[in-house]
Amino acid sequence: MTSQKRRTILGALATTPLWGSAAWAQTTTLKISHQFPGGTINEGDFRDRLVRVFAEEVGKRSKGGLKFEIYPGSSLMKTNAQFSAMRKGALDMSLVPLNYAGGEVPETNIGLMPGLVTSYQQGSAWKNAEVGKELSRILAEKGIVIVSWIWQAGGVASRGKPIVEPGDAKGMKVRGGSREMDLILKEAGAAVVTLPSNEIYAAMQTGAMDAAMTSSTSFISFRLEEVAKSLTTGRDKAYWYMFEPLMMSKVVFDRLSKEQQDIIMGVGADMEKFALKSAQTDDVLVAAVYQKAGAKVVDLSAATVKKWQDIARVTAWKDYAAKNANCANLLKLAEKLL
């Protein structure tokens, strides 16, 4: 072998990523991105706090082998780019509403399907039920690992009258948050506005949007009480719950040792109790925040929830099931838990 060839081979080896055990035994730093306001481990939006607690606990259990950099407020990349970036291995982790990926992976729209989940207990049951296992399988095929299963109840904030009954939405410009939510709003006579939750404030402030559907936590974190005169809460009953998991790139996950994978999944599961308690706390807190700001606060009755659910069955559910065989099967499995 000539000296020139030897230098070429050694140079190529030097620039090749080493994913072997020796290289991976050293400290690995992973990036977590999300769209919500940043805070501390003890204060602020619970979704930001959750990833900080997760990062700290994984660091402890891995004895410093895994460390994290957290990027709140879409400071690392745009909100809607996160899911695709994880699939490619360009982003390690994100806590993001699953349905934001609906344009890329139609199956993910089940994460914000009106009327399909009507309680936290029902949503929590997905993880170990057929629907959860099938959703996990599909996402793994798409390059995504679900680390923590997180559900949040949703409500509606409005610049004017509250949106309670379907008829209240007629003629209003409303942000639904997913294709499926938009379908029931259109059926109710509303004009839909599409944008991520961190852009709601500006749209309502300028009048580009009359009302917005989002989670209780987002209503608080994005200070929408400053631009809303009424709020329909999800603190007692709700016709939509949003699946907002902590997810990881499968490309990145597969590079980790079995021990590191187990630590991540173990801590991820532990975070679910924290998420449930925090979401339920915010469902109550949001009403107090808006009342203090002078907004009219309204709750839903079982009869009203059923009206929205009936609309969803013939619009959103039907549309989703027609997407592909996976969607039809996921919907059928989810209905078993109703």
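**Close-up 1. Strands S4 and S11 run side by side in the antiparallel sense, joined over four bridges.** This is a predicted model, and we start with S4, which spans residues 144-148, and its partner S11, residues 246-249. Look for Ile 144: standing opposite this residue is Ser 249 in S11. S4 is mostly covered, with five of its five residues buried.

**Close-up 2. Phe 54 sits among the best-connected residues of the largest nonpolar core.** That core holds 108 residues, and Phe 54 and Tyr 239 are the two that touch the most other members. Helix H11 gives the most to this core, chipping in nine residues. Setting aside neighbours within four places in sequence, Phe 54 is in contact with a whole list of residues, including Ile 32, Phe 68, Met 93 and Val 147. Leu 246, Ile 264, Val 267, Gly 268 and Met 271 are also among its contacts. As a rule, nonpolar side chains in soluble globular proteins tend to be buried together.

**Close-up 3. Trp 126 and Trp 151 meet edge-to-face.** The structure holds eight aromatic pairs, and here is one of them. The planes of the two rings sit at 75°, over the 60 degrees that edge-to-face calls for, so the pair gets that label; the ring centres are 5.0 Å apart. The partners come from distant parts of the chain, 25 residues apart: Trp 126 is in the loop between helices H5 (120-125) and H6 (130-141), while Trp 151 is in strand S5, residues 151-158. Both tryptophans are buried. Zoom out a little and ring pairs link Trp 126 and Trp 151 with Trp 149 and Phe 243 into a cluster.

**Close-up 4. Phe 219 and Tyr 290 make another edge-to-face pair.** Here the rings are 6.1 Å centre to centre, with 75° between the planes. Phe 219 belongs to helix H9 (residues 216-221) and Tyr 290 to helix H11 (residues 258-292), so this pair bridges 71 residues of chain. Are these two buried or exposed? Phe 219 has a relative accessible area of 1%, so it is buried. Tyr 290 is at 0% relative accessibility and therefore counts as buried too.

**Close-up 5. Two arginines lie over ring faces.** Arg 47 lies over the face of Phe 36, at 3.6 Å from the ring centre. Elsewhere, Arg 223 does likewise with Tyr 201, at 5.3 Å from the ring centre.

Methods:
Residues numbered from 1 in each chain as written. Predicted model: local features only at pLDDT ≥ 70, side-chain atom pairs only at ≥ 80, totals over all residues. Heavy atoms only, no water. Phe/Tyr/Trp six-rings, centres within 6.5 Å; stacked < 30°, edge-to-face > 60°. Helix = DSSP H or I, 4+ residues; strand = E, 2+ residues; numbered from the N terminus. Buried < 20%, exposed > 50% of the residue type's maximum accessible area, 1.4 Å probe, protein only. Lys NZ or Arg CZ within 6 Å of the ring centre and 35° of its normal. Pairing = 2+ DSSP bridges. Core = buried A, V, L, I, M, F, W, Y, C linked by side-chain atoms within 4.5 Å. Contact = heavy atoms within 4.5 Å.
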